[in-house]
Amino acid sequence: MEFIFFITSGLFLGWSLGANDAANIFGTAVGTRMVRFRTAAIIGSIFVILGAILQGSGTTNTLSQLGSIDALGGAFTAALCSAIVVTLMTWKKLPVSTGQAIVGAIIGWSFFTSTPVDYSVLTTIVGSWVTGPILGAIFSALLYLLMRRFIRKASIHVIKLDIYIRLALVVTGAFGAYSLGANNIANVMGVFVNSVSLTIHFGEFSFNTIQLLFFLGGISVALGIATYSKKVMETVGNGVLSLTPETAIVVVLSQALVLFLFSSTSLYNFLTGIGLPPIPLVPVSSTQVVVGALIGIGFVRGVQEIRFEMLGNIALGWLLTPLLSGVLTFITLFFMQNVFNVAVSGHERMTDGPALTHEIGNIIHLPANTDRLLTILAIGIILLSALVILLNYRKNKMKLAAQDKKLAEQIQYTDYQKALSEIEMHNIKMENTSLAEHLEEKRKELVTFALNIGEMKQFLESLCDSIKEADKEQNLQKKHDLLHSEVIRIKLKMSFAHEVEHIYKQAEQIHSDFVSRLTLRFPELTEHEKRLMVLLRNGFSSKEISPILNISPKSVEISRYRLRKKLNLQKEDNLTQFINAI
Amino acid sequence: MFARANKSIELINKFLNCVDQSLLLFKDGVKNYLYRDQGNFASNLQSLANSELESDVLRREIENTLYTQSLMPQLRGDIMRLLEEMDNLIDQAKKNLFQFDVEMPNIPAELIPDLLKLTQISTSAAESVIPAAKSYFSEPANVSEKIHRVYFFEKETDLLADVIRRKIFREMPELKLSEKFHLRYFTLHIENISDIAEKVADLLTIMAIKRTV
């Protein structure tokens, strides 16, 4: 019972970790509604527990080496003070790390109990606080470049891309949750592993202290995700760390990779095995790695996009969190020991189990202090060089891009001119076609006119001959008859048959297929009536129509009246409007 | 999930084709009116009205699919706005052609080439929006270079419309004032097409920036 009470502070810390850090993994996905919260919570919970159980031992061992808290009271106080500092820093909106808080608490406990602090381990841990975000920045910059190149080259339709992004968010989220469980379980349960020794049997299976603590810690983180992270995710998704889903994939993947590297015992043993400097197994702040990843993306997108105050916040977190946590633990331990009479140091262990540090320590062999400093220095130099190369590459790329842009603008300008010229040409062609039609019309008119002149000349010559003949005629009656027949010929000629025909043809051309439509609709109309309608459609008045049809204006009026009757028009109907509507 | 995505893509492509077709019909309709080809003009008008109906149906179907299938929660608002603005292009084209049909403006022969050119440049601005919109869906980085064409044609439309209006009011004393006003309104109607295209281009620019990774 006492064990359960004391462990509650660790579970509270786990709950707080789940509530806050799950937002780094699924915040954008849930905030932007790409992934439902239920899906995110289920996946997050399962993979956090898996990560904690399968890969949580490495970081726990490092924390145990820093300061082995060997009493439940001490472990309880350390976890509780860390949780308070984390809550306080979160409230102040600083990128806080549970790991930094717990390290501060362990050092506070070490000072209080006068236990010597392993400074080589402390150097490794502090070094990882710096390298963690830097590695996050490098990973995110590289992943961002890769993803950007892929998306631009692949030309995937936005709707299909949306589906791929959803799937990627779920997969990277699962990986992120696994890495979070593996790396950060030490913050939650690391302080308890040396203060208690328990073995529980379930039939054939038996669970030792580490397995039990990690399982409980994993469940507390999962509970944090399930119960409280929704609010944080929605805030993160739409607020301070608002990202596009594409960027979120890069950030989550970078964070997961960094946390994975800092917690993989297999990788540690492999690198040590082949004689390379290993990556230390240290709990790293997922929030600070996320900030590092964002800065990395900022570098790729342009330095102006980087919010440098974030760097200041990280540095402030590095100093404030362990300091506050250490001081608070020191003061609280004093009260725990002297006011509540709770054992906070190693002499009052609850059971007589063997020290677990040695169990885990057998798996991993940490290098000496000097080697470690050199390793950190080497990593720092490599990272700095990578950054310089990246910036140089970017500068050159921007220079080339500016040249390309200028060239593209010139090409574009030529294209515009070409497009305008095409429009111009098209118009000229249309104008030419219209002019050609007009010319053809005029040519026909000219031919008709020439023919008319010829015909008229012939007519006048024959008229002249006939008059001469009549003049020679002695018989008066015959002379009169001859002259009368010539008068009739002249009158007939005055009907201007050709010209009228020409007018009809012109009218037909202007109102193409009007006569055919007229015939189709009113088959009973006579040729004379159709002609009258064509002339009316062309806007001729009765006065103008009369000489064309060679009838009097009165006859035109009568024809119009008959036409109205034939077309069944009422008194109020307008004949011209009716004809125009056909 | 992919089948639904394919259906939405198909609908969007159909909608964009519908816009393209409507612009062609508008251009042809104005040409037929100017050259007094009543038969073809009436047919253009009818086809444009059908096209407008079809585009409305397609737009609603796309909206339903995007919202009911929860596709692109971050982008669907923007995409629907884009489709609405593009639909306005069709609406404006139809409205313009109907105005030609109802009001039957008397267009002097010397203005025909100018009005024809104005129609072509204005619709060119609108036509240039379509490849830019297509590019937004697959290659957002290329949107800006395609958008430039829209701005260029819009500017040219404004200049030409101005020239036509000056010509109407200063160089055509034979026209009545009412006829001048009438012609001025018709240049404005045609110009409106490129103005809407410019609005779509502005929207697309912002959308492309949002999407650029």
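**Burial and make-up of chain B.** I looked up burial in chain B of this predicted model and found that 46% of its 213 residues are buried. I then went through the secondary structure of chain B and noted six helices and zero strands, which read along the sequence as α-α-α-α-α-α. For the contacts of chain B with a separation of 6 or more, I recorded that 80% join residues 24 or more positions apart. On confidence, I wrote down a mean pLDDT of 92 for chain B, with 100% of its residues at 70 or more.

**Helices α1(B) and α4(B).** I took up the pair formed by helix α1 (residues 2-34) and helix α4 (residues 112-138) of chain B, whose axes come within 10 Å and cross at roughly 175°. Because angles over 145 degrees count as roughly antiparallel, I entered α1(B) as roughly antiparallel to α4(B). I listed the residues that make this contact: on α1(B) they include B:Ile12, B:Leu16, B:Val19, B:Leu23, B:Phe26 and B:Val30, and on α4(B) they include B:Leu115, B:Leu116, B:Thr119, B:Ile130, B:Ala133 and B:Phe137. Charged residues also take part, among them B:Asp20 and B:Lys27 of α1(B) and B:Glu127 and B:Lys134 of α4(B). Sorted by class, the residues of the contact of α1(B) with α4(B) come to 14 nonpolar, three polar and five charged.

**Where chain A touches chain B.** I turned to the contact between the chains, to which chain A and chain B each bring 26 residues. On the side of chain A, I found at least two residues supplied by each of α6 (119-154), α7 (158-189), α9 (245-261) and α14 (369-472). Which helix gives the most to that side? My note names α14(A), with nine residues. By class, I have the side of chain A that touches chain B as 14 nonpolar, five polar and seven charged residues. For the complex, I copied the predictor's own scores, an ipTM of 0.83 and a pTM of 0.65.

**Helix α11(A).** Last, I checked the length of helix α11 (residues 286-301) of chain A: at 1.5 Å a residue its 16 residues should span 22 Å, and its end C-alpha atoms are 22 Å apart, so the two values agree. I asked whether α11(A) is mostly covered or mostly open, and 14 of its 16 residues turn out to be buried, which I entered as mostly covered. Just after α11(A), I noted that A:Gly302 takes a positive phi of about 130°.

Key. Residues numbered from 1 in each chain as written. Chains lettered and ligands numbered in written order. Predicted model: local features only at pLDDT ≥ 70, side-chain atom pairs only at ≥ 80, totals over all residues. Helix = DSSP H or I, 4+ residues; strand = E, 2+ residues; numbered from the N terminus. Buried ≥ 20, exposed ≤ 12 C-beta atoms within 10 Å, placed from the backbone. Contact = placed C-beta atoms within 7 Å. Axes fitted to C-alpha atoms, helices over the stretch in contact; angles between N-to-C directions. Parallel < 35°, antiparallel > 145°, perpendicular 65-115°, else oblique. pLDDT = per-residue confidence, 0-100. Expected span 1.5 Å × (residues − 1).
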